[in-house]
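Biologist: Got a minute to go through this model with me? I'd like to poke at a few spots.

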Amino acid sequence: MANQINLHLYRVVQLASGSYGLNGVFARAIKSSDVKEVTPVNTLDAGAITLTGLGMLYGRVVESQPGLDQEFYVMQTVAQVNTLLNA
């Protein structure tokens, strides 16, 4: 059985004003083997994504599924998500 991590995931949309809003919040178990990428958000890290008005989101998780990659945002940092993935 594949290792799973449980996260509260947020979907983000860009608003007409140029800032961002939440389009969905839900708890979900993700198979560690399906995590394709974890990227920093709203930090000073090089290559980090900035989401105006959503400073509580610290990581972006891309889940790979057959024919479709899904993008979610989380309140955990990249290091915290990687710790969960490697546990």
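Modeller: Sure, here is a quick chat about rings, strands, a loop residue and the cores.

Biologist: What kind of model is it, and what got filtered?

Modeller: It's a predicted model, where local features need pLDDT of at least 70, side-chain atom pairs count only at pLDDT 80 or more, and totals for chains, interfaces and linings use all residues. Residues are numbered from 1 along each chain as its sequence is written, and side-chain values use heavy atoms, with hydrogens and water left out.

Biologist: OK, how many aromatic pairs are there?

Modeller: One aromatic pair. The rule takes rings of Phe, Tyr and Trp (its six-membered ring) with centres within 6.5 Å; planes under 30 degrees apart are stacked, over 60 edge-to-face, and the rest tilted.

Biologist: Why is the F26 and F72 pair called edge-to-face?

Modeller: The ring centres of F26 and F72 are 5.8 Å apart and the planes sit at 85 degrees, so the pair is edge-to-face. The pair links distant parts of the chain, with F26 in strand 2 (residues 20–31) and F72 in strand 5 (residues 68–74), 46 residues apart. Helices (H or I, at least four residues) and strands (E, at least two) are DSSP runs, numbered from the N terminus.

Biologist: Is F72 buried or exposed?

Modeller: F72 is buried, at a relative accessible area of 0%, while F26 is partly exposed at 28%. Buried means under 20% relative accessible area, exposed over 50%, and partly exposed in between (1.4 Å probe, protein chains only).

Biologist: And what does F72 touch?

Modeller: Not counting residues up to four places away in sequence, F72 touches L9, Y10, R11, F26, R28, G59, R60, V61 and E63. Contact here means heavy atoms within 4.5 Å.

Biologist: How do strand 4 and strand 5 pair?

Modeller: Strand 4 (residues 59–65) and strand 5 pair in the antiparallel sense over seven bridges. Two strands count as paired if DSSP finds at least two bridges between them. G59 stands opposite V74 in strand 5. The two strands form a hairpin with two residues between them, and G67 in the turn has a positive phi of about 80 degrees.

Biologist: What's on the other side of the pairing story, with strand 3?

Modeller: Strand 3 and strand 4 also pair in the antiparallel sense, over five bridges. V35 has E63 in strand 4 as its bridge partner, and E63 in turn has Q70 as its bridge partner in strand 5. Five of the seven residues of strand 4 are buried, so strand 4 is largely enclosed by the rest of the structure.

Biologist: Which side chain does R60 make a polar contact with?

Modeller: The side chain of E37, at 2.9 Å. A polar contact is a pair of N or O atoms within 3.5 Å; within protein, one must be able to donate a hydrogen and the other to accept it, and residues adjacent in sequence count only if both atoms are side-chain atoms. R60 is found in strand 4 and counts as buried at 12% relative accessibility.

Biologist: What about Q70?

Modeller: Q70 is in strand 5 and is buried, with a relative accessible area of 15%. Its side chain makes a polar contact of 2.6 Å with the side chain of R11.

Biologist: Switching topic, what is the phi of N42?

Modeller: N42 has a positive phi of about 55 degrees, although it is not a glycine. Most residues other than glycine have a negative phi. N42 lies in the loop between strand 3 (35–40) and strand 4, and counts as partly exposed at 22% relative accessibility.

Biologist: Last one: which residues make up the largest nonpolar core?

Modeller: There are 11 residues in all: I5, L7, L9, I30, V35, V38, V61, F72, V74, V81 and L85. The elements giving two or more residues to this core are strand 1 (4–14), strand 3, strand 5 and helix 1 (78–86). Strand 1 gives the most, with three residues. A nonpolar core is a set of buried Ala, Val, Leu, Ile, Met, Phe, Trp, Tyr and Cys residues joined through side-chain atoms within 4.5 Å.

Biologist: Anything beyond that core?

Modeller: Yes, a second, separate core of six residues, including Y10, V41, L54 and Y73.
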